[in-house]
Amino acid sequence: MVRYTKEHKQETRQRIVATAGRRLKRDGIDGSGVATLMKDADLTNGAFYAHFESKDGLVAEAVTDQLHTLHANIVELAEPGLAGLEQIVRWYLSAHHRDNPGDGCPNAALLDEIGRSADAIRQAYTDGVLVVIDGLAARMAPEDPPSARVKALSLLGLMAGTLQLCRALTDRQLSDDLLEQGLRNALALVDAELRP
């Protein structure tokens, strides 16, 4: 029997979490079984229980990981202030993001299911989304980010809702039009909040 190092086990766990995050955003929580999630990570079903007690445990960790990835790859890398908020909004409400849910934000891809999930998943989501929100709030009110937390959450809600509707529409032109209107609405909100 082969014994793996602690580092190998941690790398394997992270691979499972990252691949699960992408699959969950593509197929949803209910549409992604343990067998599929493990196959994506090139592991057997039996290996799952060496890393997680339940699917809910993996989902909670994957949601947290995806939100932290969103923060690190999009929010943290955006410019400071208004310019950075505009970058984030333009990325979020883009055709590329709409058309590639597996590579995008877990909010627009999973909110409906997270709202009906176990408390542990909802708590993991809450903790993770606050990291993203605090990054947005720091651009809205650099002198007092906590004062802009609810405004940042509202901006994220507008963007996630718009993206969900755009993804649900079968009429591509209507989806494109809604995406463009959502972008204008979000930029107007950002502009109204930051300009004296």
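User: Which residue forms a salt bridge with Asp 27?

Analyst: Happy to help! This is a predicted model, and in this model the closest N and O atoms of the pair are 2.7 Å apart. A salt bridge calls for a side-chain nitrogen of Lys or Arg within 4 Å of a carboxyl oxygen of Asp or Glu, so the pair qualifies. The two partners sit four residues apart in helix H1 (residues 6-27), about one helical turn from each other. The partner of Asp 27 is Arg 23.

User: Is Arg 23 buried or exposed?

Analyst: Let's take the two partners in turn. Asp 27 has 36% relative accessibility and counts as partly exposed. Arg 23 has a relative accessible area of 17%, and the cut-off for buried is under 20%. Arg 23 is therefore buried.

User: Which residue forms a salt bridge with Asp 176?

Analyst: The closest N and O atoms of this pair are 2.7 Å apart. The bridge links distant parts of the chain, with Asp 176 in helix H10 (residues 172-194) and its partner in helix H6 (residues 95-99), 78 residues apart. Asp 176 is partly exposed at 29% relative accessibility, whereas the partner is buried at 4%. That partner is Arg 98.

User: Which residues are linked in a network of salt bridges?

Analyst: Good follow-up! The pair of Asp 176 and Arg 98 that we just met belongs to this network. Asp 99 and Arg 172 are also in it. The full set is Arg 98, Asp 99, Arg 172 and Asp 176.

User: Which residue meets Asp 134 in a salt bridge?

Analyst: The N to O distance here is 2.9 Å. Asp 134 lies in helix H8 and its partner in helix H9, 15 residues apart. Both are partly exposed: Asp 134 has a relative accessible area of 32%, and the partner is at 33%. The partner is Arg 149.

User: How many salt bridges does a search of the whole structure find?

Analyst: The pairs above are included in this count, among them Asp 134 with Arg 149. Searching the whole structure gives a total of 10.

User: What is the volume of the largest cavity?

Analyst: Rolling a probe the size of a water molecule over the atoms shows where empty space is left. The count comes to one cavity of 30 Å³ or more. Its volume is about 50 Å³.

User: Which class of residue lines the largest cavity: nonpolar, polar or charged?

Analyst: Helices H4, H5, H8 and H9 each supply at least two lining residues. The lining includes Leu 70, Ile 88, Trp 91 and Met 159. By class there are no polar and no charged residues, and the 10 residues are nonpolar.

Technical notes. Residues numbered from 1 in each chain as written. Predicted model: local features only at pLDDT ≥ 70, side-chain atom pairs only at ≥ 80, totals over all residues. Heavy atoms only, no water. 1 Å grid on protein atoms, 1.4 Å probe; cavity = no way out; pocket = protein on both sides within 12 Å on 5 of 7 lines; lining within 4 Å. Points joined across faces, edges and corners; volume = space filled by probe spheres on them. Nonpolar A, V, L, I, M, F, W, Y, C, P; charged D, E, K, R; others polar. Buried < 20%, exposed > 50% of the residue type's maximum accessible area, 1.4 Å probe, protein only.
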